[in-house]
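Here is a short briefing on internal cavities and one helix pair. Please read it alongside the structure.

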Amino acid sequence: MSLKKEAFYLLRRATSRSMRQDLKSRLWRLRLKCAPLIRVWNGTFSTAELELEIRRHLPDDFDILMVHCSYNSLIPMYRDDPGKLLKALLRITGPDRTLAMPAFFFGTPEKYHLDYYRANPLFNVRRTPSQMGIASELFRHLSVVLRSLHPTHSVCALGPLAEELTRSHHLSSAECGPLSPFGVMARYKTVILGVGTEYYRSLTQVHAIEDHMGPDFPIPRECEEPIRVTLIDGAGRHIPYVMSPPLSRKFVLRIERLTGFLPPGALTVWKYKGVRLYCVEASEINRALGAAAASGKTLYIAA
């Protein structure tokens, strides 16, 4: 495993979320100060050049493009703004395919994930922001975009399959189960694309098999008091919802182990002028992790 991956997991174990946020802010300021040197080292690129690079790695016949994007990681090499980046992604999918992006919300550094919703049991599909980067938030604000109803793992979508992707997320307590966008994506030819982010930091699809198998998944869930949340949909209706408990905290997820489960070539990882990218099909992830879990193997290791 690379030094960068090991450092990522070490920081996750040894620091609080607020500490990691502070470190990210410091690294961002340092990156801006060193921008001229970074540009000399990596070169620069426009939206058109990035679009061409992405198209080179995508199949011609996909149904859904699910994009995890970190705009900040494109800076200072990328010469355009996030609005132009979003337009490029919309061009890549076109009118006959569906673009999806995560619109996750996990609260604040002080009260994160389940702790946040214990104290603030309300999710508003129109007002709760996406914390998955500026491109995701811009996408969420488009009037034609649909968003699924889930406190932490909502997904935004635009295109022919957008309604199917987003309509049933709230009908199950499983955040990534068969009724979620992640379940739907595995039933179509869905390409998951990472732009400016590593797969081991952003590939949410790995959780789909956990929720699909339920109690048959080798890692048990915690026995905790259920968290009850009110979801407010686009029409202003209040919908009661019960969040699923997390998997046992005796185990930690190591997504970098995914390459040992997937067939060769299923996951493509590359760099373009200093920007990290990856792509993989959702069905490949479900198929590989499902077969592994059936024999007791998972991406989790003992904490």
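The points below cover the cavities first, then the packing of two helices.

This is a predicted model. Two cavities reach 30 Å³ or more. One helix pair, H5 and H7, packs at an angle of about 70°.

**Largest cavity**
- The largest cavity has a volume of about 70 Å³.
- Its lining includes Val206, Ile209, Glu210, Phe217, Leu253 and Phe261. Leu289, Ala292, Lys297, Thr298, Leu299 and Tyr300 also line the largest cavity.
- Helix H11 (208-213) and helix H12 (282-294) are the elements that each give two or more residues to this lining.
- By class, the lining of the largest cavity holds nine nonpolar, one polar and two charged residues.

**Second largest cavity**
- The second largest cavity encloses about 50 Å³ of space.
- Leu114, Arg118, Glu224, Glu225, Pro226 and Ile227 are among its lining residues. Met243, Ser244, Pro245 and Pro246 line the second largest cavity too.
- Six nonpolar, one polar and three charged residues make up the lining of the second largest cavity.

**Helices H5 and H7**
- H5 spans residues 82-93 and H7 spans residues 134-141. Their axes lie 9 Å apart, at an angle of about 70°.
- H5 is therefore roughly perpendicular to H7.
- The crossing of H5 past H7 is right-handed.
- H5 makes the contact through Pro82, Gly83, Leu86 and Leu90. From H7 come Ile134, Ala135, Leu138 and Phe139.
- Seven residues of the contact of H5 with H7 are nonpolar, one is polar and none is charged.

Key
Residues numbered from 1 in each chain as written. Predicted model: local features only at pLDDT ≥ 70, side-chain atom pairs only at ≥ 80, totals over all residues. Heavy atoms only, no water. 1 Å grid on protein atoms, 1.4 Å probe; cavity = no way out; pocket = protein on both sides within 12 Å on 5 of 7 lines; lining within 4 Å. Points joined across faces, edges and corners; volume = space filled by probe spheres on them. Helix = DSSP H or I, 4+ residues; strand = E, 2+ residues; numbered from the N terminus. Nonpolar A, V, L, I, M, F, W, Y, C, P; charged D, E, K, R; others polar. Axes fitted to C-alpha atoms, helices over the stretch in contact; angles between N-to-C directions. Parallel < 35°, antiparallel > 145°, perpendicular 65-115°, else oblique. Left-handed = near helix turned anticlockwise from the far one by under 90°. Contact = heavy atoms within 4.5 Å.
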